[in-house]
Amino acid sequence: MQNRMLHWRQHTPQLGDLRVRQLDLARGMRLVQSDYRPLAALTESSQAVHLQPQLVLTFGLSGESRFRASSGHEVAFSAGHLTVTSFQHSAGERLYRAGERVQQLRLILNVASASHYFGDEQAERLFQPQLKRHLFSRFGHATVAQLAQINDDPLMLEIQALSLLALHRHQLQLQCSDVTRLHPHTVQRLEQAHEWMCEHLSQPFSLSTLATAVGLSDYQLKKGFQQHFRCTPGAMLLQMRMEHAHTLLEQGFQVAQAAWQVGYQHPRNFSVAFQRYFGRPASAITGRKKRN
C-alpha cells in the first residue's frame, strides 16, 4: 500500500489556515480530511485528474461549502450532512466563504472498491460520467460518534473508515434499488424539471406548473423527485434559490435585488428564509461592489 504516512499539508499562509491530509486505504479507497478557514472568499480550482470514476462520501463536520462543476452544476456541502456524489471528470471550483471554518472528511472509492463493498451491479448504477449527487442526508448520533474517534493512527483510520461506510451502505443500496423502478423516459423528464427550475428561479413556483412543463402528473413528479434526487421539488427549489442568492450577494447585489432574482417579492421573507437556510443573515454576505 502506498502513501501510508498521514500528515497535514499546509496551503499558502497568505490565503488563511488551509490544511488537508489523506491516506490510501485498502481496496482502492482513500480517506481525505480538510480543515479550511480562508481569510477571504476562496475559489479553489479542481482539475480533472482522475481517469477512473470516483464515488465520494463527504461528511460535513463544520461550515458550508460548494462545488461548481465546469458544466455549471453545483453541489452544496453542509455541517451534519452526508453528501454522496459520483463523477468521472471533476473539473470545477470549490467555493468557501471568508472567515468560515469548513471541516470535512471524505471517503473516496474507485470502481473496484465500490464493486467490492456494494456489488458489481449496484456499483455500475452508482457511477455516472458527469457529476451526480446521489444523496444529501443529515447523519445521526452513530455517525457523529464514529467521526469523533478519528485520530492519527493509520490502522484505526482504516477501521473507522470501514465503519462509516458500513453505517451508510444501506442508504446507497436503497438509492440503487429506487433507480431500477424509474423508466429512462421518466428520468429524462425529471432532469428536464431540474433544468426548468434552474431557468425559472425568479418566477413563482407551482408544482402543477412544473409537472405540466415536463409532461408528468403532480404525483409522478413528487415521487420521481424522491427516488431520483432524494428530495422534494420544494426542497430542491429552496436549495437552488438560496445558493444562487448567495452567489449574487457575493457579487455585490443588494439583498432586495438578490431576493427579487430568486423569486421573492418581499425582501423580509427572503431574509428569513436565507437566515434559516445558512444560519447567517443575508446582509452579512459581502462581495465586490456591483457596477451599475
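Over how many bridges do strand 4 and strand 9 pair, and in which sense? In this predicted model, strand 4 and strand 9, the latter covering residues 92–96, are joined by five bridges and pair in the antiparallel sense. One residue pair helps to locate this pairing in the structure, since L42 has Y96 of strand 9 as its bridge partner.

Before following the sheet further, it is worth asking how confident the predictor is. The protein chain has a mean pLDDT of 84, and 88% of its residues reach 70 or more. Residues 1–5, however, have a pLDDT below 50, although this stretch has 15 contacts in the model beyond near neighbours in sequence.

The pairing described at the start belongs to an open sheet of four strands, whose order is 4-9-6-7 and whose pairing is antiparallel. Strand 4 (42–46) and strand 7 (74–78) stand at the edges and have a single partner strand each, so one side of each of them is left without a neighbour in the sheet. On average, and with direction ignored, neighbouring strands of this sheet are turned by 20° against each other. Moving on through the order, one comes to strand 6 and strand 9, which also pair in the antiparallel sense, over five bridges, and here A69 has G92 in strand 9 as its bridge partner. Strand 6, which covers residues 64–69, is in turn joined to strand 7 by five bridges, and these two strands run antiparallel. In this pairing the residue that stands opposite R66 is A76 in strand 7. As a general point to keep in mind when looking at such a sheet, the side chains of a regular strand alternate between its two faces.

From the sheet one can pass to the helices by way of helix 8 (residues 233–250), which lies across strand 6 and strand 7 and runs at about 90° to strand 6. Two packed helices are described by the angle between their axes and by the distance between those axes. For helix 8 and helix 10 (residues 267–278), the axes come within 11 Å and cross at roughly 100°. An angle from 65 to 115 degrees counts as roughly perpendicular, and this is therefore how helix 8 and helix 10 stand to each other. On the side of helix 8 the contact is made by L238, Q239, M242, E243, A245, H246 and L249, while helix 10 contributes F270, A273, F274, Y277 and F278. Sorted by class, the residues of this contact are nine nonpolar, two polar and one charged.

Another group of helices can be followed through helix 6 (residues 207–214), beginning with helix 5 (residues 184–199), for the axes of these two come within 9 Å and cross at roughly 125°. Helix 5 and helix 6 are therefore oblique to each other, and the crossing in which helix 5 passes helix 6 is right-handed. Where they touch, R189, Q192, A193, W196 and M197 of helix 5 meet T209, L210, A213 and V214 of helix 6. The residues of this contact divide into six nonpolar, two polar and one charged.

Helix 6 also packs with helix 7 (residues 218–228), and here the axes come within 9 Å and cross at roughly 90°. These two helices, helix 6 and helix 7, are therefore roughly perpendicular to each other. In their contact L207, S208, L210, A211 and V214 of helix 6 meet D218, L221 and K222 of helix 7, and by class these residues are five nonpolar, one polar and two charged.

Conventions
Residues numbered from 1 in each chain as written. Predicted model: local features only at pLDDT ≥ 70, side-chain atom pairs only at ≥ 80, totals over all residues. Heavy atoms only, no water. Axes fitted to C-alpha atoms, helices over the stretch in contact; angles between N-to-C directions. Parallel < 35°, antiparallel > 145°, perpendicular 65-115°, else oblique. Left-handed = near helix turned anticlockwise from the far one by under 90°. Contact = heavy atoms within 4.5 Å. Nonpolar A, V, L, I, M, F, W, Y, C, P; charged D, E, K, R; others polar. pLDDT = per-residue confidence, 0-100. Pairing = 2+ DSSP bridges.
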